[in-house]
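Please read the points below with the structure open beside you, and look up each residue as it is named. They are arranged so that each paragraph can be checked on its own.

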Amino acid sequence: MIAETFKREIATAAKAYDKYVICIDKTPEDFEASLASLMAKAIKAYESRGEGLRHGIALDKEVTVILSQSDEPRPMCGIYFNLNSPYQKNALPKTVKALVEKLPKTKE
């Protein structure tokens, strides 16, 4: 199996990305390169999945590619856009630890 197997799904995702998705980090050309890389990773994960597992998944911050076992020889392919904002702030920087309030000991 190769990425070309899913060229219809890739073309549909690329068209939707160009038309509907606003992404500060990736141009449409960068998106297509990223999608090709993710597709190769998803194929590898799908082909090397363990017994009883049905999916091969690859993702980055913007896109998730999932290949799912089906009743046909060709797996189903889903390409999803992840909601992500470069403006979203973490609650605390990694260098700051949350304060834990210590309660006074009671006499019993």
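1. In this model, which is predicted, the side chains of Arg8 and Glu9 meet in a salt bridge, with a distance of 3.8 Å from N to O. The two partners differ in their exposure, because Glu9 has a relative accessibility of 15% and counts as buried, whereas Arg8, at 57%, counts as exposed. If the idea of such a pair is new to you, it helps to recall that side chains of opposite charge can pair when their charged atoms come close.

2. Glu9 also takes part in a salt bridge with the side chain of Arg74, and here the distance from N to O is 2.9 Å. What does the pair of Arg74 and Glu9 tie together? Arg74 lies in the loop between β2 and β3, while Glu9 lies in helix α1, so the pair ties together parts that are 65 residues apart in sequence. As for its surroundings, Arg74 counts as partly exposed, because its relative accessibility is 29%.

3. The two salt bridges described so far should be read together, since Arg8, Glu9 and Arg74 are joined into one network by salt bridges that share partners. The count of salt bridges in the model comes to two, and both have been described above, one between Glu9 and Arg8 and one between Arg74 and Glu9.

4. It is useful at this stage to place these details in the overall fold. The secondary structure of the protein comes to two helices and three strands, and from the N terminus on these elements run in the order α-α-β-β-β. The protein has 108 residues, of which 26% count as buried.

5. A further point concerns the interior. The largest nonpolar core has 17 residues, and the members that touch the most other members are Phe31, Leu35, Met39, Val63, Val65, Leu67 and Ile79. Several elements contribute to this core, with α1, α2, β2 (63-68) and β3 (76-81) each supplying at least two residues. Which element gives the largest share of this core? That share, seven residues, comes from α2.

6. On the surface, a reader should look for a negative patch, which is formed by Asp18, Glu29, Asp30 and Glu32. The largest share of this patch, three residues, comes from helix α2, which covers residues 28-47, and Asp18 has its place in helix α1, residues 7-20. Asp18 is exposed, because its relative accessible area is 56% and the cut-off for exposed is over 50%. Glu29, which lies in helix α2, likewise counts as exposed, at 59% relative accessibility.

7. Finally, some distances between C-alpha atoms show how residues of the two helices are placed in relation to each other. Glu29 and Asp18 are 11 residues apart in sequence and 9.5 Å apart in space, C-alpha to C-alpha. For Asp18 and Pro28, which are 10 residues apart in sequence, the C-alpha to C-alpha separation is 6.0 Å. Ala11, whose place is also in helix α1, can be compared with Glu32, as the two are 21 residues apart along the chain and their C-alpha atoms are separated by 9.1 Å. Is Ala11 buried, partly exposed or exposed? With a relative accessible area of 47%, Ala11 is partly exposed.

Methods
Residues numbered from 1 in each chain as written. Predicted model: local features only at pLDDT ≥ 70, side-chain atom pairs only at ≥ 80, totals over all residues. Heavy atoms only, no water. Patch = residues over 30% accessible without salt bridge, like charges linked within 9 Å, V, L, I, M, F, W, Y side chains within 5 Å. Areas by Shrake-Rupley, 256 points an atom, 1.4 Å probe, with all protein chains shown as cover. Salt bridge = Lys/Arg side-chain N within 4 Å of Asp/Glu carboxyl O. Lys, Arg positive; Asp, Glu negative; His and termini not counted. Charge placed at Lys NZ, Arg CZ, Asp CG, Glu CD. Helix = DSSP H or I, 4+ residues; strand = E, 2+ residues; numbered from the N terminus. Buried < 20%, exposed > 50% of the residue type's maximum accessible area, 1.4 Å probe, protein only. Core = buried A, V, L, I, M, F, W, Y, C linked by side-chain atoms within 4.5 Å.
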